[in-house]
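Colleague: I am new to this structure and would be grateful for a guided discussion. May we begin with the surface and then proceed to the sheets, the backbone and the core?

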Amino acid sequence: MEMNLLKKTILFFILSIGFAWQSSAQSTTISGTVIDAETKIPLIGVNVVVKGKVLGTTTDFDGNFSFNVNLPTPLTLQFSMVGYKTQEYTINDGGNNPERQTGGSTGIKIAMEEEFLMGQEVVVSASRVEESILQSPVSIEKMDVLDIQQTPADNYYKSIGYLKGVDVTQSSINFQIVNARGFNSTGNTRFVQLTDGMDTQAPALNFPIGNLNGPSELDVESVEMIPGAASALYGPNAFNGILLVNSKSPFEYQGFSAFTKFGMNHFGADTEAGAPSSPQPMYEASVRYAKSLFNDRFAFKVNASFMQAEDWYATNYTTDREAGRQGNLSFNPGSDYPNTMGDEASVNAAFLGTAIQSAFAADGTERDNETFQRLRTLYSGIMFQGSAPKDNQNFTDYLAFAPNQVVSRTPYEEHQLIDYGANNYKLNASAHYRLTDNIEGIYQWNYGSGTSIYTGAQRYSLSNFSIQQHKLELKSTDWFVRAYGTFENSGDSYITEFLGNQVNSSFSPNNTWFATYTANYLKEISRNYTPQELAALRANDPMGFINLQESAFSAARNAADRSRYEPGSEAFNEAKERALSSGTVPDGPSFADMTQMYHAEAQYDLTSKIDFASIQVGGSFRLYNLNSNGTIFPDTVGNPISIAEYGAYVQASKKVMDDKLKLTGSARVDKNQNFDAVFSPRLSAVYEVAENNNIRASFQTGFRNPTTQGQHINLNIISSRLLGGLPQYAETYGIGTDPNIYTLESVNAMINNLYSTGSFDESFLDNENTLNYESVKPEQVQSIEVGYKSLINKKIMIDAVYYYNQYNNFITQQRVRKAQANPDGSPNLSSLLQGNADNTFQIYTNAQQQIVSQGAAIGVDYSIGSGYTVGSNYNWNVLNTKNAEGQSFVFGFNTPEHKFNVKFGNRKLTDKIGFNVAYRWQSEFYWESSFGDGIIPAFGTLDAQISYKMPYKTLLKIGGSNLTNDYYIQSFGAPNIGAIYYVSLTFDQLTNR
């Protein structure tokens with residue numbers, strides 16, 4: 001309530017100043033007409049601005065424009081529109097002279113020429129000030145309105161993957177993550193995405209959430225992408241790249257526009273794995289309205305969009321993440337597949353057999369223990385139902401034959417538990433007021449909600465998840481001040497694995513199920529063998545004993561699952577609903593996260609005040625309020641955990657050698673309250689060897705603070721516990737101090753040896769790395785980049801780049817397991833055989849070794865003539881881990897070594913028809929993450945669209961993504977992505993082309 005009042009007060013103050021200024025000002029009218037130079041048809045929506053000011057307007061349906069200014073002459077107008085050559089017109093005291101593009105303020109006539117702009121684009125992201133893309137000191141990619149309109153992908157955000165050096169990974173049909181230069185992930189915390197200057201990260205996750213709350217296709221003006229480190233200007237986490245999405249100004253893009261799309265997916269899906277048996281419909285629609293009022297002093301816009309689709313299905317039921325548990329068996333009773341849920345609950349049957357032996361021992365203490373009494377009752381009842389052991393042997397004599405084998409619960413498939421009904425609702429609105437000729441005030445609101453799927457340490461259903469942002473901004477041609485807040489709400493989101501475990505437990509609690517399983521295993525092997533005969537069989541006929549075991553394992557699972565709920569049954573659905581309403585983590589599968597982030601920043605460009613050089617200064621403040629109600633972080637209701645960050649930067653650039661050489665230097669200092677200050681410099685040089693031919697070189701630095709989760713997470717994920725890397729979390733669980741904590745890799749090596757030899761070998765265990773554990777700190781990268789960019793005859797653009805990155809204090813996670821201590825302090829090795837949230841931890845830390853990666857990219861775009869364009873790019877990326885061999889860390893480079901894109905199109909094949917075709921391919925690579933590791937096969941996709949201009953300013957577009965319908969995956973455990981075929985209609989009042 002207080003925040004809403006503050007917003008209204010500030011907006012009223014801004015408007016009051018503006019109206020007061022306007023009422024006292026004496027204005028001059030500027031008016032005229034803009035037409036197409038070739039067709040002589042009036043042009044709608046041409047931007048007409050006073051150069052160097054925020055004043056201006058757009059042409060109406062008849063190509064006319066008119067607005068008032070209070071400025072002395074001479075002054076210069078700029079006329080611009082995507083697809084046309086920008087023109088300038090100077091107003092002076094003389095008469096109108098169209099040939100000289102100079103004259104009076106009324107009756108202005110401008111004829112604009114269509115032009116394919118190659119190499120003439122203006123970008124702002126590389127230096128935070130406007131500059132030619134040819135003069136950019138670092139590699140940069142850009143998509144404009146026409147690129148977005150003509151993309152063959154089924155949505156513009158996916159088409160970012162066509163850009164040079166960029167990777168786009170899908171966790172869901174409506175959730176894509178962008179990355180560059182390695183260390184790709186389904187939640188990329190090494191990358192920053194800004195929408196109209198606002199960081200789009202979800203504060204509790206610390207990575208951009210794709211386009212879930214961004215502008216619709218109707219409202220995107222441009223997209224700029226910088227691959228590589230950019231912390232010198234953009235601060236923390238601008239580490240591997242930054243993406244700027246700029247929406248359309250309501251001053252420059254006025255009127256009504258609407259968009260609707262119908263598509264189909266799931267053609268030829270894997271129905272045996274649970275995917276839909278027939279193609280599924282997809283719907284998308286959006287509307288935009290913008291209007292300028294009060295002599296173009298005030299403007300507003302509103303946007304609304306909606307999408308709905310049946311999500312892609314993840315159906316990896318064969319890649320066993322725990323294959324080492326299999327031993328000599330032909331199948332693994334302790335398997336854990338990526339897209340099955342509930343098999344995370346597991347136990348070693350031999351360890352359980354030891355507990356049962358204790359339950360039957362004549363020790364009064366153990367006999368009175370409630371758990372042991374329950375086990376004893378259970379086993380006695382099971383063992384003596386039906387046939388008794390051979391020759392009526394004593395049941396307890398068989399307990400020694402409980403298998404030294406991990407057993408996991410029978411799982412449900414992901415599609416039976418997760419919400420595949422993907423949808424996304426977005427609302428965006430903004431109000432803009434020109435307080436003076438030089439200052440514009442903005443209030444902006446972005447809201448997005450919906451249902452999607454995210455792959456982190458587990459598979460999460462982001463059900464009815466929402467995020468909204470409020471921004472207040474004042475900006476001029478030389479400076480800006482902005483402040484915004486991001487407010488996250490987890491809605492009904494839940495951990496799917498946790499849900500599977502809850503459903504399993506509802507028909508048989510884990511203790512009961514595992515006890516039943518082990519008892520029936522023993523019952524099966526005791527039918528025809530005495531204990532002495534079993535021992536002889538095991539010693540003399542290993543294969544015969546294995547066959548007996550496998551038969552017993554199958555019988556045991558059938559018995560333990562006798563009351564299991566069948567997927568889709570009424571009992572199953574009721575159990576699922578009970579589990580979803582059972583509460584939040586750790587009691588139930590749901591989250592209750594309402595984390596917030598507040599950010600304020602300012603920048604001043606001193607170039608107009610200083611003759612010596614172009615200088616910019618800026619600063620920022622950020623505050624996180626972690627408010628997960630104990631479901632992600634160890635916060636409590638009403639007591640969020642706060643994290644504050646501060647930063648300041650300066651940049652100077654100077655042209656020398658007859659303006660042939662441009663030198664730029666930047667420096668930034670940032671401080672997070674939990675870590676030491678970090679200094680981030682950048683030096684660059686751009687040399688013009690010939691007209692439109694530039695060589696560039698730069699030394700860049702980047703850093704990223706550990707994420708909010710990297711600092712404070714404390715999350716039970718059943719099979720382990722995720723821990724933040726601040727000192728208090730390691731201290732709580734003894735990591736770094738307890739000698740009985742070992743790396744999980746060494747524990748698994750011991751277990752694998754145990755399965756093959758039948759005995760424990762403590763020599764496999766490694767506690768040196770765990771005793772040397774160090775708390776997490778910021779990660780840094782130093783990057784050297786050299787590049788060449790050339791525009792030949794305004795038809796061929798060549799851009800080549802090579803980079804070399806050195807990473808220090810690489811943030812990673814260490815996986816460890818804690819053994820119970822025997823009375824003498826030595827480890828109880830049996831307690832290491834199964835993992836849970838009480839003894840297995842995945843904690844954030846830093847690699848001690850320096851990590852090196854390198855890569856190169858080259859892109860060539862060619863304007864063939866008659867409107868035809870062809871473009872291609874090739875990308876090469878590798879990670880050098882030689883210095884990190886033998887370390888128990890997960891680096892997750894997760895990037896194909898080779899990748900290329902090819903595009904071919906003509907947006908004006910005829911006056912009414914255009915087309916665009918794109919093919920992309922990437923090589924096989926190995927994926928590493930906390931969710932799992934595995935090979936991602938090579939794949940290629942073909943996208944295409946054809947467009948047709950219809951009457952009433954409507955564009956019909958028919959196309960498809962992955963036209964050949966060759967299903968592929970982009971990350972381990974990710975969904976299988978097939979073809980999308982679509983048809984769309986776009987109505988836009990500003991359509992001239």
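Colleague: Which elements give two or more residues to the nonpolar surface patch?

Modeller: The model is predicted. In it, Ile858, Val860, Tyr874, Phe900, Val902 and Tyr919 make a nonpolar surface patch of about 430 Å². The elements that give two or more residues to this patch are β45 (851-865) and β47 (898-906).

Colleague: Does Ile858 count as buried, partly exposed or exposed, and why?

Modeller: Ile858 belongs to strand β45. Buried would require under 20% relative accessible area, and exposed would require over 50%. The relative accessibility of Ile858 is 38%, and therefore the residue counts as partly exposed.

Colleague: Which strands stand at the edges of the open sheet of three strands?

Modeller: The order in this sheet is β4-β1-β8, with mixed pairing. An edge strand has a single partner, so one side of it is left without a neighbour in the sheet. From one strand to the next, the twist averages 25 degrees. The strands at the edges are β4 (64-69) and β8 (108-112).

Colleague: Which residue in β8 stands opposite Val34?

Modeller: Strands in a sheet pair through backbone hydrogen bonds, in either a parallel or an antiparallel sense. Strand β1 (residues 28-36) pairs with β8 in the parallel sense, over five bridges. Opposite Val34 in β8 stands Ile110.

Colleague: How many bridges join β18 to strand β53?

Modeller: Strand β18 (residues 255-265) runs antiparallel to strand β19 (residues 280-293), with 11 bridges joining them; there, Phe259 stands opposite Ser286 of β19. Strand β18 also runs antiparallel to strand β53 (residues 980-988), and Ala258 stands opposite Phe987 of β53. The number of bridges that join β18 to β53 is eight.

Colleague: Where does Pro586 lie, given the cis peptide bond that joins Val585 and Pro586?

Modeller: Most peptide bonds are trans. The bond between Val585 and Pro586 is cis, with omega about 10 degrees. Pro586 lies in the loop between α11 (570-580) and β30 (596-605).

Colleague: In which loop is Pro74 found?

Modeller: The peptide bond from Thr73 to Pro74 is cis, and its omega is near 0 degrees. Pro74 is found in the loop between β4 and β5 (75-80).

Colleague: Is Asn894 buried or exposed, and why?

Modeller: Asn894 has a positive phi, near 50 degrees, in a residue other than glycine. Its place is in the loop between β46 (868-880) and β47. The relative accessibility of Asn894 is 3%, so the residue counts as buried.

Colleague: How does Asn629 count by its relative accessibility, and what is the reason?

Modeller: Asn629 also has a positive phi, near 55 degrees. This residue lies in the loop between β31 (614-626) and β32 (641-656). Because its relative accessibility is 26%, Asn629 counts as partly exposed.

Colleague: Which element gives the largest share of the largest nonpolar core?

Modeller: In soluble globular proteins, nonpolar side chains tend to be buried together. The largest nonpolar core has 38 residues, and those with the most contacts inside it include Phe175, Tyr454 and Leu715. The elements giving two or more residues to this core are β13 (175-180), β27 (459-475), β31 and β32. The largest share, four residues, comes from β27.

How values were computed: Residues numbered from 1 in each chain as written. Predicted model: local features only at pLDDT ≥ 70, side-chain atom pairs only at ≥ 80, totals over all residues. Heavy atoms only, no water. Patch = residues over 30% accessible without salt bridge, like charges linked within 9 Å, V, L, I, M, F, W, Y side chains within 5 Å. Areas by Shrake-Rupley, 256 points an atom, 1.4 Å probe, with all protein chains shown as cover. Salt bridge = Lys/Arg side-chain N within 4 Å of Asp/Glu carboxyl O. Buried < 20%, exposed > 50% of the residue type's maximum accessible area, 1.4 Å probe, protein only. Pairing = 2+ DSSP bridges. Axes fitted to C-alpha atoms, helices over the stretch in contact; angles between N-to-C directions. Core = buried A, V, L, I, M, F, W, Y, C linked by side-chain atoms within 4.5 Å.
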